[in-house]
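Biologist: Thanks for sitting down with me. Could we talk through the aromatic rings and a bit of surface charge?

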Amino acid sequence: MAHTDHSEHTFRTARRGLRREVPSTVGLLADEQDFTAMRRYRTFTFDDHATYLRQIDGLLKSLASQGVHTTVALFDPEEYAEFCAESGLDPDTADSRGRFTARIPGSGAAIAYTGQPIDSLVPQLISTAVRRATWEYATTLLADLGECADCGQDIGRAAFDRASHLLFRLLEGAGSGTHHLVCSVPAVDEQLLAVLHAEHPDSPEIPDRGPESPDNRRDGPDGLDGPGGAFARLDPSRATEFVTVLAVGIALESAGGVVLRTTRADDPDRLHGWRLQRGSLVPLTVGEVFSAYCTDADTGEPVSPESGVEYCAGFDLGPDDTGTHH
């Protein structure tokens, strides 16, 4: 009997250990509209979104307490209905919802749960979804541009190479510190926006991978390295998104621009700006940078300048030596 109890205990311990190695995916309805859309299914038993979010929060905490690695995925009711129709599944079952949720991380927005409260997790997830949609839209747009009629080069690829070069020049010119870059480009159907954070250490370190190409994220520049070694630590996926959005502006020769904010210890933040003009980034003057930051975008009314901030002209990014198409 003792031997049987010992075997059962060993089995349960092994099963718990194995459970910790099996990742879990939790689908999340981030807003009221999506939540309301799911309430048409009889087997979806939640009555209000706030209670639902509290239950999700409790589930995530429970899984974390068991040592389970959990991914939170944005659950889209429209995509779910399409998935069920294409797969021949009944959408009004928990099993169908589980099948759909399990596939989201491979094709949709998802983030790792690290203990963040639900009121922080929801905007994180929405931001991830917006970033992914922006990147996919910009990538498709670049891929559809085809080849240059004059030189035969792939327009999207040439624009991406040029944008990578410009990001290199922006971070090289910014020097040491913490850098926050925003690229805004009007496209055919919407305003594209990409944000990038980069750390520029005082001494060279081993480089992170730099931005990768829009058609294959493994087939792009190997890093943002200057002649003296690596100078920027950044998230390669975010760098790819930033470069892809900038490449759209270059390829379409559209309006738009880039702003750069640099923070250094014991110094005021420095703000620089550039406008996109005929596929190039042209430095803004001090007055133009000040006006851009001190004007309400909706009303056009002036707003007070930010304290502890130095408004600076954009610096020259040098000649285009990337061999882009003509």
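Biologist: Happy to start with a tyrosine: is Tyr 311 buried or exposed?
Modeller: Keep in mind that this is a predicted model. Tyr 311 has a relative accessibility of 14%. Buried means under 20%, so Tyr 311 counts as buried.

Biologist: How is the ring pair of Phe 290 and Tyr 311 classed?
Modeller: The two ring centres lie 5.1 Å apart, and the planes of Phe 290 and Tyr 311 meet at 75 degrees. Planes over 60 degrees apart fall in one class, so the pair of Phe 290 and Tyr 311 is edge-to-face.

Biologist: Nice. How many residues apart are Phe 290 and Tyr 311?
Modeller: Phe 290 sits in helix α9 (residues 286-293), while Tyr 311 belongs to strand β12 (residues 309-311). Their pair links distant parts of the chain, and the separation is 21 residues.

Biologist: And which class fits the rings of Phe 44 and Tyr 52?
Modeller: The structure holds 13 aromatic pairs. For Phe 44 and Tyr 52, the centres are 6.1 Å apart and the planes stand at 50 degrees. That angle is neither under 30 nor over 60 degrees, so this pair is tilted.

Biologist: Turning to charge, is Glu 78 buried or exposed?
Modeller: Glu 78 lies in helix α4 (residues 77-87). On the surface, Glu 78 gathers with Glu 79, Glu 82 and Glu 86 in a patch of negative charge. With a relative accessible area of 62%, above the 50% cut-off, Glu 78 is exposed.

Notes:
Residues numbered from 1 in each chain as written. Predicted model: local features only at pLDDT ≥ 70, side-chain atom pairs only at ≥ 80, totals over all residues. Heavy atoms only, no water. Patch = residues over 30% accessible without salt bridge, like charges linked within 9 Å, V, L, I, M, F, W, Y side chains within 5 Å. Areas by Shrake-Rupley, 256 points an atom, 1.4 Å probe, with all protein chains shown as cover. Salt bridge = Lys/Arg side-chain N within 4 Å of Asp/Glu carboxyl O. Lys, Arg positive; Asp, Glu negative; His and termini not counted. Charge placed at Lys NZ, Arg CZ, Asp CG, Glu CD. Helix = DSSP H or I, 4+ residues; strand = E, 2+ residues; numbered from the N terminus. Buried < 20%, exposed > 50% of the residue type's maximum accessible area, 1.4 Å probe, protein only. Phe/Tyr/Trp six-rings, centres within 6.5 Å; stacked < 30°, edge-to-face > 60°.
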